[in-house]
Amino acid sequence: MRSNVIPFARVAAACIAGATAALPMLAQQRALLRGSIETGAAAVEQPLVRSGAAFYLAPSAQLRVSDLSIGGDAVFATGTPTWKSFLGNGYVRSPSFRNFRVIGTGQLLKTSGLLATLHGDVGAEWRASSLSNTAVLRARAGQMRYGGGWWRDFDLGASAIHAQGAALFVLDAAYSNARRPMALQEQLGVDAGTTASFGAQTLDLTPRMIWERSRLRADASVALRAVESGVRGTRVGPQLSFTLTTSRGMSLFVGGAQRLPDARSGIPAGRSALLGLRFEGRRLFARPEATVRSRPSLEIESGALIVDAGSLAADRAALRGDFTDWKPRICVPRGVRYFDCGSAPPAGTWRVAIRLNDGAWQQPGNLAAAADDFGSVDGVLMTGGKP
């Protein structure tokens, strides 16, 4: 049974046309282009599909113009026994209006032994932050093209984020309701039936912890499928990875994951373990006459710590120092480039570092540098004169 909803391709085309029309105006603002290329080897096991060793190459890119983000990534893989696979993802995040923004995503999967799937959705996101907590709500509606037909879906999601010390604790909840063709029954683990389509409802709860210190990052999570109707298979999906970052944009990481069957995108359940290498780079584009600082800075205004993102495109900021016991403070946005990080410490000399978006902790550009025992460089903040 085909969906009667307007095909997502038309909605996506309208979004792309709107973004293209807005680019000449946004081009007058500063823009940040970042990208990475990742390569490595993996061991893959997907029941009823394939198992064996694989080699993959994964480029990604993101363009931020003021508060607009456009980006995507792709994974090219081949392995033994012989198979080839391509998975491409793209997204658009509109500038925020108060706490809301429009979001859109698209995904294409083409792999040996499976029919190609094209999936996309459009929705809205609400975000609110305090000094150490962030809450996110999102709602999206989309369609998947499979076997010549369009099949509808929608999902609701919520995230709660808490920063404590060097750790970030996240709890994600995602509910999905989709109508899919029975031809997907084997790869998704659906009980055989005689109807042309089936309904798939899932509710996943995913607690996650990210620990970061100097150049080492650990990321652990476990997806718990609390509701599973119309699909069957593994109901617990643990994931663990470690990343070591060098000073020249190169990262070495190792990890493993067990993925739950995803009815929205048509991706079957599977396990993987990988060892990879990632190279990252960024470039800032700004008008020559721009007067904003090229590096983020930290100032004290009316007793409050204010981060100025300068010419970097940022929508999140955090601060930590010896006066916070090195526990990150989540900063509250104040306009396009400024973030309020709470009260300044009492008179003294303090070590401090700031972070924009999900980047590395760094020295504020307007403060003197001081290296620590872990190879990181912090800034020296003096308040109220020397003690």
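**From a buried arginine to the aromatic pairs**

Setting aside residues up to four places away in sequence, Arg180 touches His119, Met144, Trp151, Arg152, Asp153, Ser197, Phe198, Ala263 and Arg264. The model in which these contacts appear is a predicted one. Arg180 belongs to strand S9, which covers residues 167–181. Is this arginine buried or exposed? Its relative accessible area is 0%, and because the limit for a buried residue is under 20%, Arg180 counts as buried. The side chain of Arg180 has a polar atom 2.9 Å from the backbone oxygen of Arg264, and Arg264 is also one of the residues that Arg180 touches.

The nonpolar cores come next. In soluble globular proteins, nonpolar side chains tend to be buried together. Here the largest nonpolar core comprises 18 residues. Within this core, the residues with the most contacts are Leu298, Leu305, Val307, Leu319, Phe339, Val352 and Leu356. Two or more residues each are given to this core by strand S16 (304–308), S17, strand S20 (338–343) and S21. Which element supplies the largest share? That element is S21, with four residues. Phe339 can serve as an example of the surroundings: beyond its neighbours within four places in sequence, Phe339 is in contact with Leu305, Ile306, Val307, Ala309, Ala314, Asp315, Arg316, Ala317, Cys331, Val332, Pro333 and Arg334. Another core, of ten residues, lies apart from the largest one and includes Tyr146, Phe198, Val231 and Ala263. Two of these names, Phe198 and Ala263, were met above among the residues touched by Arg180.

Cys331, listed among the contacts of Phe339, leads to the disulfide. A disulfide is a covalent bond between the sulfur atoms of two cysteines. The structure holds one such link, formed by Cys331 and Cys341, with their sulfur atoms 2.1 Å apart. The link is right-handed, with 105 degrees about the S-S bond. Where do its two ends lie? Cys331 is in the loop between S18 and strand S19 (332–334), while Cys341 is in strand S20, so that the pair links distant parts of the chain, ten residues apart. Both Cys331 and Cys341 are buried.

The aromatic rings add further links. A pair of aromatic rings is described by the distance of the centres and the angle of the planes. The count of aromatic pairs comes to three. One of them joins Phe76 and Phe86: the centres are 5.0 Å apart and the planes meet at 45 degrees, a tilted arrangement. Because Phe76 lies in strand S3 (residues 68–80) and Phe86 in strand S4 (residues 83–93), this pair ties together parts that are ten residues apart in sequence. Phe76 is partly exposed, at 42% relative accessibility, and Phe86 is likewise partly exposed, at 25%. Another pair is that of Phe323 and Trp350, whose ring centres are 5.9 Å apart; their planes stand at 80 degrees, so the pair is edge-to-face. Phe323 sits in the loop between strand S17 (317–321) and strand S18 (329–330), and Trp350 in strand S21 (residues 348–356), so that the pair links distant parts of the chain, 27 residues apart. Phe323 and Trp350 are both buried.

A last stop is Leu33, placed in strand S1 (residues 31–46). Leu33 has a relative accessible area of 36% and is partly exposed. Apart from residues up to four places away in sequence, Leu33 touches Gln62, Leu63, Gly281, Arg282, Arg283 and Phe285. Between Leu33 and Gly281, which are 248 residues apart along the chain, the C-alpha separation is 8.5 Å.

Technical notes. Residues numbered from 1 in each chain as written. Predicted model: local features only at pLDDT ≥ 70, side-chain atom pairs only at ≥ 80, totals over all residues. Heavy atoms only, no water. Phe/Tyr/Trp six-rings, centres within 6.5 Å; stacked < 30°, edge-to-face > 60°. Buried < 20%, exposed > 50% of the residue type's maximum accessible area, 1.4 Å probe, protein only. Core = buried A, V, L, I, M, F, W, Y, C linked by side-chain atoms within 4.5 Å. Contact = heavy atoms within 4.5 Å. Disulfide = S-S within 2.5 Å. Polar contact = N/O pair within 3.5 Å; in protein donor to acceptor, adjacent residues only side chain to side chain.
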